Amino acid sequence: MSASSILRRALLYVPSSSQKMLTKSRGLNVDCVAYDLEDSVTPGKKSEARSNLRSLLEQPRVEGIREQAVRINSVDSGYALDDLTEVLKAPHIDSIVIPKVNSPSDLHFVTDILRHILPDRHSSSPSPDTPPSISLIALIESARSITDLPSICRASPYLSGLIFAAEDFALDLSLTRTPSLREFLFARSSIATCARAFSLPSTIDLVCTSYKGDKGLATLEEEARDGKRLGFNGKQCIHPTQVDVCERVFAPEQEEVDWAVRVVIADEKADRAGRGAWTLDGKMIDVPVVGKAKAIVTKAERCGFETEAVRERWKDQEPE
């Protein structure tokens, strides 16, 4: 999976110890399913969960799931090597979610295992025919990891995103989670900023523990919009009912799409006329604004927006 194709508006955890939930997951429509071998699986069920998951990932892909990820156990748990050895035998795995990444060495360990077990997918000099590499997503859960973010972001060529684990972070710092989430502002801003600085395409915000009823979904939407304002482009989900809200919030708004398409159309005409800067709706449009508009159009198309219909509606748009 290339960085340009990554879309993780919702990352939904599914426990691998439950055969029922694994089977049910194949009927979902979601950007990313993270099949869990860590917190939701007791020590006595680890082996069974690995076997369940390998069987699932050997089945043909289903259309509704864009990305199939596996959350392994942390590198220092003693289970990670067994997790990787088993699940990497399955052909349909796209990403590895690594919990408790406290330092670059955690990513070095997983990267070395990937290169050893699947050298064809993790060559230092891939060819056009090389299968796509398995990407890594790091869970940031501690004060130590926050202070070492730049080194973590540089640790592996396969790193494609960061996830903020609020509950473990609160435990590490002896914090109490509040509805405002203000106690997490520094950590969340650091993660979103550092991911952007190192061109990681995915930043996934904290879990919302409320999901039941209208009140729970309203809390989820409020948290998701707050995360989007901080620079996150996705959110962890612990229940399928949370997926639609997250994927809607982290997609462009229709108004944004309309504006972006108008900018792109007018820029094409301005470029043909040799105009480097121009105005639209009384506001100056220059290269950075055009770049933002093009990014919105690209993301909108990946999110299912009919941008061609918008383009047709605004085809006569002229730069001012």
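**Pockets, domains and helix 7 in a predicted model**

The second largest pocket holds about 660 Å³ of space. The model described here is predicted. A total of 27 residues line the second largest pocket. Closest to its centre are Tyr 13, Val 14, Pro 15, Ile 238 and His 239. Three elements give two or more residues to this lining: strand 1 (10–15), helix 1 (19–25) and helix 7. By class, the lining of the second largest pocket divides into 12 nonpolar, five polar and 10 charged residues.

Helix 7 was then examined in its own right. This helix spans residues 166–173. Its residues Ala 166, Phe 169 and Ala 170 are buried. These three residues cover an arc of only 100° around the axis, which puts them on the same side of helix 7. The spacing along an α-helix helps to explain such a pattern. An α-helix has 3.6 residues a turn, so residues three or four places apart point the same way. Several elements cover the buried residues of helix 7, including helix 5 (143–147), strand 6 (159–164) and helix 8 (185–197). Just after helix 7, Ser 174 takes a positive phi of about 55°.

The division into domains comes next. The protein is divided into domain 1, residues 10–250, and domain 2, residues 254–314. The C-alpha centres of domain 1 and domain 2 lie 33 Å apart. Contact between them involves four residues of domain 1 and four residues of domain 2.

The largest pocket has a volume of about 930 Å³. Its lining counts 29 residues. Among these, Arg 196, Pro 201, Asn 233, Ala 295 and Lys 299 are the closest to the centre of the largest pocket. Two or more lining residues come from each of helix 8, strand 7 (202–205), helix 9 (213–230), helix 11 (254–272) and helix 12 (287–302). Helix 12 gives the largest share of this lining, with six residues. By class, the lining of the largest pocket has 14 nonpolar, eight polar and seven charged residues. Where does the largest pocket lie relative to domain 1 and domain 2? Both domains give residues to its lining, so the largest pocket lies between them.

Methods
Residues are numbered from 1 along each chain as its sequence is written. This is a predicted model: local features need pLDDT of at least 70, side-chain atom pairs count only at pLDDT 80 or more; totals for chains, interfaces and linings use all residues. Side-chain values use heavy atoms; hydrogens and water are left out. Buried means under 20% relative accessible area, exposed over 50%, partly exposed in between (1.4 Å probe, protein chains only). Helices (H or I, at least four residues) and strands (E, at least two) are DSSP runs, numbered from the N terminus. The arc is that of the directions from the helix axis to the C-beta atoms. Contact means heavy atoms within 4.5 Å. On a 1 Å grid over the protein atoms alone, a cavity is a set of points where a 1.4 Å probe fits but cannot get out, and a pocket is an open set with protein on both sides within 12 Å along at least five of seven lines; lining residues have an atom within 4 Å of a point. Grid points are joined across faces, edges and corners, and a volume is the space filled by probe spheres set on the points. Ala, Val, Leu, Ile, Met, Phe, Trp, Tyr, Cys and Pro count as nonpolar, Asp, Glu, Lys and Arg as charged, and the others, Gly among them, as polar. Domain bounds come from an automatic or database domain assignment.
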